[in-house]
Structures are given as structure tokens and as C-alpha cells.
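Please open the model in a viewer with side chains available for display. The tour below proceeds by selection, with a short account of what is found at each stop.

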Amino acid sequence: SDNLLYAGGVFASVREQPRERLAAVDLNTGLPTAWDPRPNDAVLALAVSAGTVYAGGDFTGVAGGTRNQVAAWDAATGNLKAWNPNARGRRVNSLAVLGTTIYAGGVFDEIGGQPRARLAALDPFGDAIGSWNPGALNTNLGGVQVRFDGVPAPLLFAQQEQVNVQVPYHVAVGLQTLVEVF
């Protein structure tokens, strides 16, 4: 709405009304609206476009459902949308909307059902757009690829006798982790 300010971060109230981490504030009154999405961790990014409020952050849940690091609400009703790219990683800390494409940046290695290293383009249904994959961290460097339990690992450096990789965030390295080098 034109008279609303959306605020995200790490806070517990707005004008002494409980609103944890995400709120809509009426610009005419300065008071929070009744909308109370209650993400369970920090909100680091917001974007509003075409009647939808998008939020990214460290959260894994919001009022109304499980959402891993990114969620969307109908701006008119405040209802949680079905849109659920389900980021796998640590956080989404930037969002931008251009037309019908939602761009996300952060610390993740999968989003929208596709492997994506730190940057992704998402459609209005929450799926990754297959043709756009900038590979902020390359998983194939000089023909070398490393996988942990089948998950491609971002490569930082590769030469004949040394390979430096970043273990994908959601891989639980334990006593029996399969490491493959190609």
C-alpha cells in the first residue's frame, strides 16, 4: 500500500506493540498495522512489488508456515503466500524484484529447487529460473569438481596438487560423508 512502511530486522516491538522482526507501519499514524508475520529469526532484506511483500533473512519459519530464509505475503490481506523457494543455506540477505523475476542473494547453495551459489533468479511460483545461474561460487573449476554426499561444493582454488572447497552448508559432515573429486 502507498501509506505503509515495511520494516524488518531484529526488534521485538513497534511503538510498544509486539511485532517481532517484521512489521508494516501506517505512515499516517506511525502505528503498526494488525499484520504480524512473526518470523522466527532476523529479517535482512525486503522487497515490495505488485501487491506482494517479500522478506529474506535467517528465519526458518513464519506465522502460518515453514519458510527457509525467504517468504512472501499478500500486501492487501497480509496472508502468507504459497511462494516458497525453500533456500538451503544460512541466509538470504538481499532481494530485488524486476518485472516478474525475484532476485535473491545470500549464503545458500540451493534455492527454488536448483543448485545456486549465493545468487538466484526466482519466478512468481518460487522456482529457480534455469537459464540464470551466475555461479557466484563456481562448482567446476579447471575441470575439477568436488561433491559431498552428492552435493556439488563451491570451489575456491584448484591446481594439480591442491583443491580448496567450501563444504555446502546443509551437508552434515559426519563419520560417513562421501567425498568425490572429479
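Select Asp 36 first: in this predicted model, Asp 36 has a relative accessibility of 25% and therefore counts as partly exposed. Add Arg 38 to the selection, since its side chain forms a salt bridge with Asp 36, in which the closest N and O atoms are 3.8 Å apart. Arg 38 is likewise partly exposed, at a relative accessible area of 47%.

**Further salt bridges**

How many salt bridges does the count come to? The count comes to 4 salt bridges, and two more may be visited now.

Select Arg 88 together with Glu 110. The two residues form a salt bridge whose closest N and O atoms are 3.9 Å apart. This pair links distant parts of the chain: Arg 88 belongs to strand E10 (residues 88-98), Glu 110 belongs to strand E11, and 22 residues separate them. At 31% relative accessibility, Arg 88 counts as partly exposed. Glu 110 is partly exposed as well, with a relative accessible area of 22%; the category applies because burial requires a value under 20%.

Next, select Glu 20 and Arg 21. Their side chains meet in a salt bridge, with an N to O distance of 3.2 Å. Glu 20 is partly exposed, its relative accessible area being 37%.

**A buried threonine in strand E11**

Return to strand E11, which covers residues 101-111, and select Thr 101. Is this residue buried or exposed? Thr 101 has a relative accessible area of 14% and is therefore buried. Display its surroundings: apart from neighbours within four places in sequence, Thr 101 is in contact with Ala 96, Ala 121, Leu 122 and Ile 129.

**The sheet E5-E6-E9**

Now colour strands E5, E6 and E9. These 3 strands form an open sheet in that order, and the pairing is antiparallel. Strand E5 (43-49) and strand E9 (70-74) are the edge strands, each pairing on one side only. On average, neighbouring strands of this sheet are turned by 20° against each other, with direction ignored.

Begin with E5 and E6, which run antiparallel and are joined by 6 bridges. To locate one of these, select Ser 49 and its bridge partner in E6, Thr 52. The hairpin of E5 and E6 has 2 residues between the strands; there, select Ala 50, which takes a positive phi near 50°.

Cross next to the pairing of strand E6 (residues 52-57) with E9, where 5 bridges join the antiparallel strands. Which residue of E9 is the bridge partner of Gly 56? Select Val 70, which is that partner.

**Arg 67, before strand E9**

Select Arg 67, in the loop between strand E8 (65-66) and E9. Arg 67 is buried yet has no salt bridge; Asp 127, the nearest side chain of opposite charge, is 12 Å away. The cut-off for a salt bridge is 4 Å between a side-chain nitrogen and a carboxyl oxygen, so a separation of 12 Å does not qualify.

What lies 3.4 Å from a polar atom of the Arg 67 side chain? Display the backbone of Trp 83: its oxygen is at that distance. To see the remaining environment, show the residues in contact with Arg 67, leaving aside neighbours within four places in sequence. They are Phe 59, Thr 60, Gly 61, Val 62, Leu 80, Lys 81, Ala 82, Trp 83 and Asn 84.

**The sheet E15-E14-E18**

Move on to strands E15, E14 and E18. They make up an open sheet of 3 strands in the order E15-E14-E18, with antiparallel pairing. Strand E15 (151-152) and strand E18 (179-181) stand at the edges; each has a single partner strand, so one side of each is left without a neighbour in the sheet.

Within this sheet, strand E14 (residues 146-148) runs antiparallel to E15, and 2 bridges join them. Select Arg 147 and Pro 152 to view one pair of bridge partners, Pro 152 being in E15.

**The whole chain**

Finally, clear the selection and view the entire chain. Its secondary structure comes to 0 helices and 18 strands. Of its 182 residues, 39% count as buried, Arg 67 being one of the buried residues. Among contacts between residues at least 6 apart in sequence, 25% join residues at least 24 apart.

Definitions and conventions:
Residues numbered from 1 in each chain as written. Predicted model: local features only at pLDDT ≥ 70, side-chain atom pairs only at ≥ 80, totals over all residues. Heavy atoms only, no water. Pairing = 2+ DSSP bridges. Helix = DSSP H or I, 4+ residues; strand = E, 2+ residues; numbered from the N terminus. Axes fitted to C-alpha atoms, helices over the stretch in contact; angles between N-to-C directions. Buried < 20%, exposed > 50% of the residue type's maximum accessible area, 1.4 Å probe, protein only. Lys, Arg positive; Asp, Glu negative; His and termini not counted. Polar contact = N/O pair within 3.5 Å; in protein donor to acceptor, adjacent residues only side chain to side chain. Contact = heavy atoms within 4.5 Å.
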